[in-house]
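Take a moment with the sequence and the 3D view below. We will walk through them step by step.

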Amino acid sequence: MLHLADSLSFSGRKVVAARAALPLPALPGSSLPDVLSAHQDVPWKLLSSWKEQQVSSCFAQSVVLRGICQEKGTRSPLHSCESPEQVLQHYLHSQFPGAFSTCHVLQQPCHTRPPFPQFFSPLLTRRGFLLDRAQGGSSAGVQSCPGLAALQSCPGLLWLLSGLCRELRPRRCGGSGAPGLEPDDVQEALEELRTLAQCYQTGSGAAESEDEADSD
């Protein structure tokens with residue numbers, strides 16, 4: 001994990017966003033190129049309560065796809081790739097041009113047998129693939145499913161870190177600092193957090209973030 005974090009953290013950046021698609025939407029028997037070609041936007045969701053806008057760029061990312069390794073198919077440029085990793089890499093490059101991306105494709109799916117919570121749609125097979133209509137009364141639930149997950153350093157983290165700065169201002173606590181911390185220590189920590197946030201700026205994003213902070 002330390003090596004992975006270091007590979008995604010450069011130019012002063014230290015924070016990444018975790019995203020996942022569990023299950024990765026796919027029809028039974030679909031090839032990897034077919035599954036990825038069906039999604040104009042990457043189907044993963046952010047794994048936090050932070051509400052962000054649609055991600056259209058990133059600085060660096062590490063992506064893992066599991067459970068779909070077939071390479072059959074005839075309809076998209078992705079089918080010309082020689083390996084599953086090249087298929088995923090080509091797809092990521094089309095979604096995030098210029099980003100530093102590492103990827104891994106594993107044949108084994110994500111296992112979701114009990115005690116894994118069964119929060120899945122009834123439109124899934126036991127192996128986590130999509131059906132045209134719900135199955136009838138299966139008690140076994142989803143036992144495994146294909147998945148897509150990523151750690152991503154992206155411009156959207158500017159808004160997360162800037163928002164955290166605003167929430168941690170002493171005035172939010174009636175003008176008092178955090179228990180056990182001197183006001184100078186709190187201010188120094190906020191300045192460091194604000195500096196970290198600016199490492200994720202692109203274009204006018206920093207100015208817009210500062211305007212929002214000043215008006216808060």
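What percentage of the 216 residues of the chain count as buried? The share is 38%. Keep in mind that this is a predicted model. The chain also has an outer face to consider. About 13000 Å² is exposed, and carbon and sulfur atoms supply 54% of that area.

Now trace the chain. It holds six helices and seven strands. Along the sequence, they come in the pattern α-β-α-β-β-α-β-β-β-β-α-α-α. Next, look at how the chain meets itself. Take the contacts between residues at least 6 apart in sequence: 76% of them join residues at least 24 apart.

Turn to the sheet. Five strands build an open sheet, and their order is β2-β1-β7-β3-β4. The pairing in this sheet is mixed. Strands β2 and β4 are the edges, each pairing on one side only. Find β3 and β4 in the view. These two run parallel, and seven bridges join them. One residue pair to look for is glutamine 61 and serine 101: they are bridge partners, with serine 101 in β4. Helix α3 packs on the sheet, where it touches β3 and β4. The direction of α3 makes about 140° with that of β4.

Go to the edge strand β2, residues 45-46, which contains leucine 46. Is leucine 46 buried or exposed? Its relative accessible area is 18%. Buried means under 20%, so leucine 46 counts as buried. Leucine 46 also shows how sequence and space can part ways. Leucine 151 is 105 residues away from leucine 46 in sequence, yet their C-alpha atoms are 10.0 Å apart.

Now look inside. The largest nonpolar core has 39 residues. Leu36, Trp44, Leu65, Ile68, Leu88, Leu148 and Tyr200 have the most contacts inside this core. Many elements contribute. Strands β1, β3, β4 and β7 each supply at least two residues, and helices α2, α3, α4 and α5 each do too. Why does this core lie between domain 1 and domain 2? Domain 1 (1-153) and domain 2 (158-199) both give residues to it, so the core sits between them. Apart from this core lies another, of five residues, including Cys110, Phe120, Leu124 and Val142.

Finish with leucine 88, one of the residues with the most contacts inside the largest core. Which residues does leucine 88 touch, not counting those up to four places away in sequence? They are Leu36, Val63, Leu65, Cys103, His104 and Val105. Pick out leucine 88 in the view and find each of these partners.

Terms used. Residues numbered from 1 in each chain as written. Predicted model: local features only at pLDDT ≥ 70, side-chain atom pairs only at ≥ 80, totals over all residues. Heavy atoms only, no water. Helix = DSSP H or I, 4+ residues; strand = E, 2+ residues; numbered from the N terminus. Buried < 20%, exposed > 50% of the residue type's maximum accessible area, 1.4 Å probe, protein only. Contact = heavy atoms within 4.5 Å. Areas by Shrake-Rupley, 256 points an atom, 1.4 Å probe, with all protein chains shown as cover. Core = buried A, V, L, I, M, F, W, Y, C linked by side-chain atoms within 4.5 Å. Domains from an automatic or database assignment. Pairing = 2+ DSSP bridges. Axes fitted to C-alpha atoms, helices over the stretch in contact; angles between N-to-C directions.
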